[in-house]
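These are my notebook entries on a single chain. I record what I looked up, entry by entry.

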Amino acid sequence: MFVQAQPEGANVPPVNVPVTPVYTIGCHTNNDVYIAPPGYTPHQVPMTMPVIQRPPGCPPGLEYLTQVDQLLVQQKMEIMEVLTGWETNNQYLVKNSLGQQVFLAAEDSDFCTRMLCGPMRSFMLHIQDNTGQEVMTLSRPLNCSSCFFPCCLQELEVQTPPGSPIGYVIQIWHPYLPKFLIQNERKEPVLRIVGPFCDCKCCSDVNFEVMSLDETSVIGRISKQWTGFEAEAFTDADNFGLQFPMDLDVKIKAVILGACFLIDFMYFEHNQRQE
């Protein structure tokens, strides 16, 4: 790259002298600027979470969860669903706090079940890591969710590896609050999830608190994030944020992730169709 001749006295390099491209990589408040050397390329965060070593006792594929205390679940927007109104299989991206992809989740259900049963439908949700290996399977039977049918409420089984249950999400009967019980692989109670009286809030997030069994302390949260008027009105592509302690049992982290998907189907899958 060369510069052209400038008027006399101008503060420019001599004519036809090569000019090395410079990259500003930072500056102080006193306007001092760091100049990167030739060949410098800005650091970019990888799009996927790097492979890490699996700790002892951690189920295969869940080693990613040992390194995070937050997750973002983004439902993919389906163009055919928006145009036709026909329910399609849901797909989700699971990312960490840096925006790196951790998992890809895909629903497996048939067309008639989706159209006839709507958000209460049974399904299998297959969760893959970044290599395409299935690391978790979520199984949901066809049950009720009404307070008038306390004997047949919602439940979800979390398997990892597929076929080996590691925990369960069980809906607890309550006359007006959404409540769920987190169980381990032996079906022993571990935590509770308590939602708000109203799951429809305009311009704000909807929070489901992850609590101790006696509901006296909050240890985490599942938040349905507000995505804007257009997205909320015309699509059912939802975003969720998950928070839990870093040192929480990795299997329970996986069950909380499963609870997020169950909550999405139960309380937010139908919002777009009602509008």
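Entry 1, strand pairing. I looked up the bridge partner of R192 and found M211, which lies in β12. The model I am reading is a predicted one. I then traced the pairing of β11 with β12 (residues 206-211): the two strands run antiparallel and are joined by three bridges. Next I turned to β10 (residues 179-184), which runs antiparallel to β11 (residues 189-194) and is joined to it by five bridges. Within this pairing, I noted that I193 in β11 stands opposite F180.

Entry 2, the hairpin turn. I checked how β10 and β11 are connected: they form a hairpin, with four residues between them. In the turn, I recorded a positive phi of about 65 degrees for K187. I also found a salt bridge between the side chains of R186 and E188, with an N to O distance of 3.3 Å. I asked myself whether R186 is buried or exposed. The relative accessible area of R186 is 53%, so I entered this residue as exposed; the limit for that class is over 50%. E188 has 36% and is therefore entered as partly exposed. I then followed the charged side chains further and noted a salt-bridge network that links E185, R186, E188 and K251.

Entry 3, from β12 to β13. I looked for a salt bridge made by R221 and found E209 as the partner, with the closest N and O atoms 3.0 Å apart. R221 belongs to strand β13 (residues 218-225) and E209 to strand β12, so this pair ties together parts that are 12 residues apart in sequence. I compared the accessibility classes of the two partners. R221 is partly exposed, at a relative accessible area of 30%, whereas E209 counts as buried, at 18%.

Entry 4, salt bridges in the chain. How many salt bridges does the count give? I recorded seven. One that I examined joins the side chains of E107 and R121, at 2.7 Å from N to O. The pair links distant parts of the chain, with E107 in strand β5 and R121 in the loop between α2 and β6 (123-128), 14 residues apart. I looked up burial for both ends. E107 is buried, with a relative accessible area of 5%, and R121 is buried as well, with a value of 0%.

Entry 5, around S109. I located S109 in the loop between β5 (101-108) and α2 (111-117). Its relative accessibility is 13%, so I entered S109 as buried, the limit being under 20%. Which side chains make polar contacts with that of S109? I found N89 at 3.0 Å and E107 at 2.6 Å. E107 thus appears twice in my notes, here with S109 and above in the salt bridge with R121. I then listed what S109 touches, leaving out residues up to four places away in sequence: N89, R114, R121, S122 and F123.

Entry 6, a surface patch. I looked for nonpolar side chains on the surface and recorded a patch of about 470 Å², made by W86, F111, M115 and L116. I placed W86 in the loop between α1 (79-84) and β4 (91-95).

Methods. Residues numbered from 1 in each chain as written. Predicted model: local features only at pLDDT ≥ 70, side-chain atom pairs only at ≥ 80, totals over all residues. Heavy atoms only, no water. Buried < 20%, exposed > 50% of the residue type's maximum accessible area, 1.4 Å probe, protein only. Polar contact = N/O pair within 3.5 Å; in protein donor to acceptor, adjacent residues only side chain to side chain. Contact = heavy atoms within 4.5 Å. Pairing = 2+ DSSP bridges. Patch = residues over 30% accessible without salt bridge, like charges linked within 9 Å, V, L, I, M, F, W, Y side chains within 5 Å. Areas by Shrake-Rupley, 256 points an atom, 1.4 Å probe, with all protein chains shown as cover.
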